[in-house]
Amino acid sequence: MDSVTQAALGAALGGAVLGQRLGRKAVLIGALLGTLPDLDIAIDYGDAVSNVTEHRGFSHSLFVLTGLAGLLTFLSARSAPARDIPLGQWAAFFGLILITHPLLDALTTYGTQLFWPLESPPVAWPIIFIIDPFYSLPLLACLVIALFTRRVRRWCAWGLGVSCVYLLLAFSAKLNVEHRLAPVLANQGLVDAPILVQPTPFNILLWRATVVDGDRYHESLVSLFDRDAPPTLEPLRRGAALEEIALDSRAGQRLAWFAGPFLRYEMRPIDGQLTLLATDIRLGFPGYHPFNFTLATRQDNAWRPVAASVEIGSERDVELTTLSRLAARAAGDRNALCATAFVMPKWQPDPLALPCASPTNP
């Protein structure tokens, strides 16, 4: 999640645990500790792939944060002026603030390396977008009331309660979407195919499903207001023939570890040189994926891994009209926007008529 939300969550937890004893200080300390794990973003790991895949690593590890919470508990219990605060209350204060940060991140698409330094891929079960005002604003509103009324503990608890209810609603919405997708996947023989179901930006009403099937992958947008209309899977080409070349590079292997099968490969001329790009198709939409990485260049009739991967921005920006169509699609208008609305003509799988009638579809 974004740093403002993480700070708000930490502040609310701090106020709920020690607000009665420390007042506004508990909120301030909670906000600072709530953003602490994200300071790893300032570290340069050497290239674009490493910078993306190492984020939410050691600083988000449950092992590291549990140890840090224990250390802060010990120091506070021995040296803090408020010596009447029990050790268990200090442990709850630091432990909850630090541990909930990576756990909330694990509910977003890119997940979190909860078990660093173990080499397990990031843990992710996406039920909320990385920025969701419907989660963050009620939490912030309760914090403002808590600070102005000085009823810190009560209003912080209310904020946490509302945010937890929202996550439960998101969890229920995801299960609903997965249930509606199940018969469609069965009819197309995709029951065992890797699938990612995640909310679209800023809401939990409209969900995006991505299903990988060899050289093809399928995209679908499913709204909670679609009623009985079955989801539609829209096919795209993944460029799987280039995957072997990508995996010859350290950066390509790292991306495969990080994103699993949700990668698309393509060749594109960059600065006059044919370059192999890998795109993480989990974030964004087809034609607007922000994370594209150089992996290799064509030299002397052979592919050579690049010395340091570079991030290449999307070829297309999302316009305000697109956001309005996104809102209309979330409300159940199936003609407002399709999952492949941004797709470039050269990225289409075959000369097939895509099933969405969106005017943005080439």
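## A walk through the cores and helix contacts

Start with the largest nonpolar core, which has 46 residues; select Leu 18, Phe 93 and Tyr 135, the ones with the most contacts inside it. Keep in mind that you're looking at a predicted model. Now colour the elements that feed this core: α1, α2 (24–35), α4 (62–79), α5 (87–105), α6 (133–149), α7 and β2 (206–213) each put in at least two residues.

Stay with Tyr 135 and show its surroundings. Skipping neighbours within four places in sequence, Tyr 135 is in contact with Met 1, Thr 5, Leu 9, Leu 104, Ile 128, Ser 163, Tyr 166 and Leu 167. Before moving on, have a look at the second, separate core: it has 22 residues, among them Val 52, Leu 255, Leu 283 and Phe 291.

**Next stop: α1 and α7**

Select residues 3–22 for α1 and 152–187 for α7; their axes come within 8 Å and cross at roughly 140°. That angle makes α1 oblique to α7. Which hand does the crossing of α1 and α7 have? It is left-handed. To see who meets whom, show Leu 9, Ala 11, Ala 12, Leu 13, Gly 15, Ala 16, Gly 19 and Gln 20 on the α1 side, then Val 152, Arg 153, Cys 156, Ala 157 and Leu 160 on the α7 side. Colour this contact by class and you get nine nonpolar residues, three polar and one charged. Leu 9 should ring a bell: it turned up in contact with Tyr 135.

**Then: α2 and α5**

Hide α1 and α7, and bring up the other pair. Here the axes of α2 and α5 are 9 Å apart, with a packing angle of about 35°, and the crossing is right-handed. From α2, pick Ala 26, Ile 29, Gly 30, Leu 33 and Gly 34; from α5, pick Phe 93, Phe 94, Ile 97, Leu 98 and His 101. Phe 93 is back again, having been one of the residues with the most contacts inside the largest core. How many charged residues does the contact of α2 with α5 have? None: the classes are seven nonpolar and three polar.

**Last stop: Ile 281**

Finally, jump to the loop between β6 (273–280) and β7 (292–299), where you'll find Ile 281. Is Ile 281 buried or exposed? Its relative accessibility is 1%, so Ile 281 counts as buried. Put a distance label from its C-alpha to that of Phe 262: the two residues are 19 apart along the chain, and the atoms are separated by 5.7 Å. Leaving out residues up to four places away in sequence, Ile 281 touches Phe 262, Leu 263 and Arg 264, as well as Arg 208, Thr 210, Tyr 217 and His 289.

Methods: Residues are numbered from 1 along each chain as its sequence is written. This is a predicted model: local features need pLDDT of at least 70, side-chain atom pairs count only at pLDDT 80 or more; totals for chains, interfaces and linings use all residues. Side-chain values use heavy atoms; hydrogens and water are left out. Axes are lines fitted to C-alpha atoms, for helices over the stretch in contact, and angles run from 0 to 180 degrees between N-to-C directions. Helices (H or I, at least four residues) and strands (E, at least two) are DSSP runs, numbered from the N terminus. Angles under 35 degrees count as roughly parallel, over 145 as roughly antiparallel, 65 to 115 as roughly perpendicular and the rest as oblique. A crossing is left-handed if the near helix is turned anticlockwise from the far one by less than a right angle, and right-handed if clockwise. Contact means heavy atoms within 4.5 Å. Ala, Val, Leu, Ile, Met, Phe, Trp, Tyr, Cys and Pro count as nonpolar, Asp, Glu, Lys and Arg as charged, and the others, Gly among them, as polar. A nonpolar core is a set of buried Ala, Val, Leu, Ile, Met, Phe, Trp, Tyr and Cys residues joined through side-chain atoms within 4.5 Å. Buried means under 20% relative accessible area, exposed over 50%, partly exposed in between (1.4 Å probe, protein chains only).
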